[in-house]
Amino acid sequence: MDIKRTSIKDLLQSNDFDKSVLIKGWVRTKRGNKNIAFIAVNDGSTIHNIQAVIDVPAFEEDLLKKITTGASLEISGTLVQSSGQGQSIEIQADNIVLYGEADPDTYPLQKKGHSMEFLREIAHLRFRTNTFGAVFRIRHALSFAIHKYFNDKGFFNIHSPIITSSDAEGAGEMFRVTTLDPAKPPLNDKKEVDFSQDFFARPTNLTVSGQLEAELGALALGGVYTFGPTFRAENSNTPRHLAEFWMIEPEVAFNDINDNMDLAEEFLKYLIKYALDNCKDDIEFLNNMVDKELINRLKSVAEVDFVRLSYTDAIKVLEKADQKFEFPVSWGVDLQSEHERYLVEKHYKKPVILSDYPKEIKAFYMKQNDDGKTVRAMDVLFPRIGEIIGGSQREEVMEKLLTRIREMNLPEEELWWFLDTRRYGTVVHSGFGLGFERLMLFVTGMTNIRDVIPFPRTPRNAEF
Ligand code: 4AD
Ligand code: MG
């Protein structure tokens, strides 16, 4: 009778000893002597390998020779209790089918201990390492947890468009989408590119945020969220920026900025706890291999109350700081990562939610405060990361929003559909954006954002 394949994760949790089993996977290591060999196999279902014990004389020499690190195979045999150290269960192999060899002279992952930089150059193979296996299993679990969190709270997932004609953040960092020939685009009378002849008959770009569309949804469905790819053509080559990243943007009707902060704090804590509870083996591996403080840091953030502080008070703290900053601080400046990390890591030693920023450094849609100077923005700052969430209460009063759009010289006519929500049945509402890869950095302890997304897009880099 044919035996069905069992995942290594399921096998390691079973205790069906003396049962016939069949596994399929990739060889991690092979060691042994003329009489006995041990093959460690991984199939991606878990960080752990299963060990197969080989009675060497019972197998063809040529077959065993081809079983090297990276080769793919199927092993069937009997599940037995292990007498060796390091595992409690192993397979006493009866039969091996080799699927694909991996020439040890050229296979790039033949040896362990490659640098992260090297592994980035072989992003197509790095899934096969323990570290990236752990990272991408955690990425899946968090992605699932995000949908679960919102679903359990009665939010609706909105698929906002990837191609848009608006610049939600007003920062102008957009990738153009066009079918016009860059070498000879059609020109109008003024010798400007004639976008009426482009595919959408207007200039379009990849979205920098799904927020504006999420607002439209929230003002009908109550609580909504987007979870999609986001594109920014900012030329920042830092360990925390990608040109293509994933953002989660909840938007909630009737929520003010305090409700928004409560939601952000509860959401982040839920996700961290979810990872601790559901990705135990992978997080323990990363704690041992990548960052010895990881589990402590995750537990402490999941339990502590976040500090809530106004931008104005934060500037006072920073002006008194016993540390010299590369970028000097005064009221009105945009905070740099060094300032954010001083507040979180040195001063308060816990996550901080900063609010009420100067309106000049924030987007047009934010709710204006009565002081005429600040807006109801909120950024959540995390240890090691800096800004992990950016959000705000939205300006729901038509006249105030229009005044701001005009002050900032934004294309009022093109935002008519957005303004309609303020024209008809406007309500107080708020939302925020969580950078998924920034969350991933925090939860995995990895230090470079290029190592928490399968195929990073950064300036001058889009090979795979
Ligand atoms: O602060 P941002 O620009 O806010 C928005 O886009 C709002 N529309 C969100 C909203 O209110 N719905 O971006 C939100 C978050 C940041 O806090 C950061 O975590 C992440 O997105 N982020 C990036 N992550 C990776 N690479 C980049 N280039 C990023 N830019 C922003
Ligand atoms: Mg921001």
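**Note on the predicted model**

1. D356 lies in strand β13. This is a predicted model, and D356 is a residue to check by eye: its phi is positive, about 60°, although it is not a glycine. With a relative accessibility of 23%, D356 counts as partly exposed, since the buried class ends at 20%.

2. K349 also has a positive phi without being a glycine, here near 55°. Its place is the loop between α10 (337–347) and β13 (352–358). K349 is exposed because its relative accessible area is 63%, and the exposed class begins over 50%.

3. On the overall build, the protein has 13 helices and 16 strands. Along the principal axes, its C-alpha atoms fill a box of roughly 85 × 55 × 45 Å. Of the 464 residues, 50% are buried. Among contacts with a separation of 6 or more, 67% are between residues 24 or more positions apart.

4. The domain assignment gives domain 1 as 8–100 and domain 2 as 126–173 + 208–451. Their centres, taken over C-alpha atoms, are separated by 45 Å. Eight residues from domain 1 and eight residues from domain 2 take part in the contact.

5. What holds for the interface of these two domains? The area buried between domain 1 and domain 2 is about 590 Å², and carbon and sulfur atoms give 41% of that area. Zero salt bridges are found across the interface of domain 1 and domain 2. Four residue pairs, both members at pLDDT 80 or more, are in polar contact between the domains. On the side of domain 1 that touches domain 2, the residues comprise two nonpolar, five polar and one charged.

6. Helix α13 (residues 436–444) is largely enclosed by the rest of the structure, because nine of its nine residues are buried. Charged residues are included in that set: E437 and R438 are buried, as are F436, L439 and M440 among others. Just after α13 comes G445, with a positive phi of about 80°.

7. T131 sits in helix α4 (residues 130–152). T131 has 14% relative accessibility and therefore counts as buried. Leaving out residues up to four places away in sequence, T131 touches M116, F285, L286, V290 and M446.

8. C279 occupies the loop between α6 (257–278) and α7 (280–289). Its relative accessibility is 4%, so C279 counts as buried. Beyond residues up to four places away in sequence, C279 touches I138, A141 and Y274. C279 and L142 are 137 residues apart in sequence, yet their C-alpha atoms are 9.4 Å apart in space.

9. N255 is in the loop between β11 (244–253) and α6. At 16% relative accessibility, N255 is another residue that counts as buried. With neighbours within four places in sequence set aside, N255 is in contact with N260, V428, H429 and S430.

10. The structure holds 26 salt bridges. One of them joins the side chains of R308 and D262, at 2.9 Å from N to O. This pair links distant parts of the chain, with R308 in strand β12 (residues 307–310) and D262 in helix α6, 46 residues apart. R308 is partly exposed at 36% relative accessibility, and D262 is partly exposed with a relative accessible area of 41%.

11. Why are R341 and E345 separated by about one helical turn? They are four residues apart in helix α10, and therefore about one turn apart. An α-helix has 3.6 residues a turn, so residues three or four places apart point the same way. R341 and E345 form a salt bridge, with the closest N and O atoms 2.9 Å apart. R341 counts as partly exposed at 26% relative accessibility, and E345 counts as partly exposed at 30%.

12. K316 and D313 both lie in helix α9 (residues 311–319), three residues apart, which is about one turn of the helix. K316 forms a salt bridge with D313, and the closest N and O atoms are 3.6 Å apart; the cut-off is 4 Å. K316 is partly exposed, with a relative accessible area of 45%. D313 counts as partly exposed at 34% relative accessibility.

13. Salt bridges also occur as a network, which links E215, E251, R394 and R422.

Methods
Residues are numbered from 1 along each chain as its sequence is written. Chains are lettered from A and ligands numbered from 1 in the order in which they are written. This is a predicted model: local features need pLDDT of at least 70, side-chain atom pairs count only at pLDDT 80 or more; totals for chains, interfaces and linings use all residues. Side-chain values use heavy atoms; hydrogens and water are left out. Domain bounds come from an automatic or database domain assignment. Contact means heavy atoms within 4.5 Å. Buried area is the accessible area (1.4 Å probe) that two parts lose on being put together, summed over both. A polar contact is a pair of N or O atoms within 3.5 Å; within protein, one must be able to donate a hydrogen and the other to accept it, and residues adjacent in sequence count only if both atoms are side-chain atoms. Ala, Val, Leu, Ile, Met, Phe, Trp, Tyr, Cys and Pro count as nonpolar, Asp, Glu, Lys and Arg as charged, and the others, Gly among them, as polar. Helices (H or I, at least four residues) and strands (E, at least two) are DSSP runs, numbered from the N terminus. Buried means under 20% relative accessible area, exposed over 50%, partly exposed in between (1.4 Å probe, protein chains only).
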